[in-house]
Amino acid sequence: MHFEMLLIHVPKLTNRLGYTLNVVFQHLLHADFSITTDEEYFLNHGDAKLCYGHKRLGDSLFIKSQGLLFETSIEEQEPHAECREGQWIMFPVYGRDLDFDFDPLAATFYLVSRYEEYLPHREDEHGRFGAEESLAYREGFLQQPVVDQWAQLIKRKLTERYPDITLPSQNYRFVQTVDIDAAWCYLHKGAFRTLMGLGRDIFSRRDWEEVRRRFRVLLHREEDPYDTFDYIIATQQERAPGSHLLFFVLLADYDEYDKPASYLNPHMRELVQHLDDYAKMGIHPGYHSLEHPMGADTEIKRMEAIIHRTIVRARYHFLRLRLPRSYRILAHAGIKHDYTMGYADEAGFRAGISVQYPFYDLERDHETELLIHPFCVMDTTLQKYMALTPAEGLDKYKELIDSVREVGGTFCCIIHNQNLTDLYGWQGWREVYEEMLEYAKP
């Protein structure tokens, strides 16, 4: 006999608990399940079953609750993590005859809800929650998709208890995302910005070869070094067939932090339309959209007017993610998928998870329709923040890919078109990019 439906008993169904079960069993394990609070019905159920709470019911698989999922307020927590026999654990539980020595569901909720980001913390110069503020960084498991691993642990325990249960396998995916902060280094910036750039090169006594390069590009005798878009598309198709490619385009007004070509520039519009033929497109809301929410609406409308389709994907410029404000802004603007969940200063899994999952608004205590697509590494993080050499950067890519592939998760990374050049310290990184694609392909 094959068990097709898993029955889960809980003493009380809270929003937090229902959400966490949804993340684990729907988004991670893709398993059919139902929930009951009826003890008699649960005990008489003949198929596979899991009990979550403070006491075991019958001979079912049992996860003892630590308590977090039955709370409704946001309270200071003091979680601790440790690695036992290769398995990271949080929220340990105690008792006799336990199937788990920690509460993987409470641990999952704490990480994916970003509970710690609602508590008092320091922000960096851009108003961001930095990696060093996180439990994962302090305890040493930031570069492990521990939530995926806990889901796999639950799956193993279920199949050991119920050998006839049918649970789907998890298939590894690779998603490459490209942020377009500056489509061109020299071209299509207008006369004023072009003259200002030339004057800056000359009066700051920059490398004269760069001045000559600027002239060659402006005279169309050489390709603009940032124009790597066709290369990205072709290399993705050649080296990582079966993977996914997304572009996020900055269309904000020019200022100190946002320096795109104008959205009215015909060359910029033509580029966006060209990329839309080959990949999925998203908006890259400008730096100040966090303080001025209508800015995101404006930029989304600009992009929709260019490609004549509804924009449902976004990633904040500078990864300016502040919870829950940032996600409320996107949801209000009609965005369905966000790709900002990750750190600028460290590689790793900010929410402990590699696959997409719904945003939980902890202040309002409810699950939303906005889907979060976490990334685990950005090219600038490796080269700038972590100061790795190209060889060290490739090793880091491979470590992260291996950890995701092992759990059948999604390896999502960020690349910038302007970093696939030999300029400004990026010598050797194009080769890293090509080898990463080859290694990451499904």
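**A guided tour, starting from Asn265**

Select Asn265, which is buried, with a relative accessible area of 16%; buried means under 20% relative accessible area, exposed over 50%, and partly exposed in between, with a 1.4 Å probe and protein chains only. The model is predicted, so local features need pLDDT of at least 70 and side-chain atom pairs count only at pLDDT 80 or more, while totals for chains, interfaces and linings use all residues. Residues are numbered from 1 along each chain as its sequence is written, and side-chain values use heavy atoms, with hydrogens and water left out.

Asn265 is placed in the loop between β8 (244-249) and α9 (266-276). Such labels follow DSSP runs, numbered from the N terminus: helices are H or I with at least four residues, strands are E with at least two. Next, display Lys189 as well: Asn265 and Lys189 are 76 residues apart in sequence, and their C-alpha atoms are 8.6 Å apart in space. Then add His188, whose backbone oxygen lies 3.3 Å from a polar atom of the Asn265 side chain.

Stay in the loop between β8 and α9 and move to Asp253, which pairs with Arg302 of helix α10 (residues 294-307), 49 residues apart, so that distant parts of the chain are linked. The two side chains meet in a salt bridge at 2.9 Å, N to O; the term requires a side-chain nitrogen of Lys or Arg within 4 Å of a carboxyl oxygen of Asp or Glu. Arg302 counts as buried, at 13% relative accessibility.

Glu299 is also found in helix α10. Which side chain of opposite charge is nearest to Glu299? The nearest is Arg302, 5.6 Å away, and Glu299 is buried yet has no salt bridge. For charge, Lys and Arg count as positive and Asp and Glu as negative, with His and the chain ends not counted. Select the neighbours of Glu299 next: not counting residues up to four places away in sequence, Glu299 touches Leu251, Ala252, Ile283, His284, Pro285 and Gly286, where contact means heavy atoms within 4.5 Å.

Other salt bridges can now be shown. A search of the whole structure finds 24 of them. Glu222 forms one with Arg216, the closest N and O atoms being 2.6 Å apart; Glu222 is partly exposed at 29% relative accessibility, and Arg216 is partly exposed at 27%. Glu82 and Arg84 meet through their side chains at 3.2 Å, N to O. Glu82 counts as partly exposed at 30% relative accessibility, and Arg84 likewise counts as partly exposed at 30%.

Turn now to helix α14 (residues 429-440). Its twelve residues reach 16 Å from the first C-alpha to the last, close to the 16 Å expected at 1.5 Å a residue; the expected span is 1.5 Å times one less than the number of residues. Select its buried residues: Trp429, Val432, Tyr433, Glu434, Met436, Leu437 and Ala440. Their cover includes β7 (173-180), α8 (229-239), α12 (379-385), α13 (390-406) and β15 (410-416).

Met436 leads into the largest nonpolar core, of 131 residues, where Phe25, Met90, Phe247, Phe411 and Met436 touch the most other members. A nonpolar core is a set of buried Ala, Val, Leu, Ile, Met, Phe, Trp, Tyr and Cys residues joined through side-chain atoms within 4.5 Å. Apart from this core lies another, of ten residues, among them Val175, Leu246, Leu319 and Phe375. End at Phe25, whose contacts include Leu6, Ile8, His30, Ala31, Phe33, Leu50, Ile154 and Leu158, not counting residues up to four places away in sequence.

Terms used: Polar contact = N/O pair within 3.5 Å; in protein donor to acceptor, adjacent residues only side chain to side chain.
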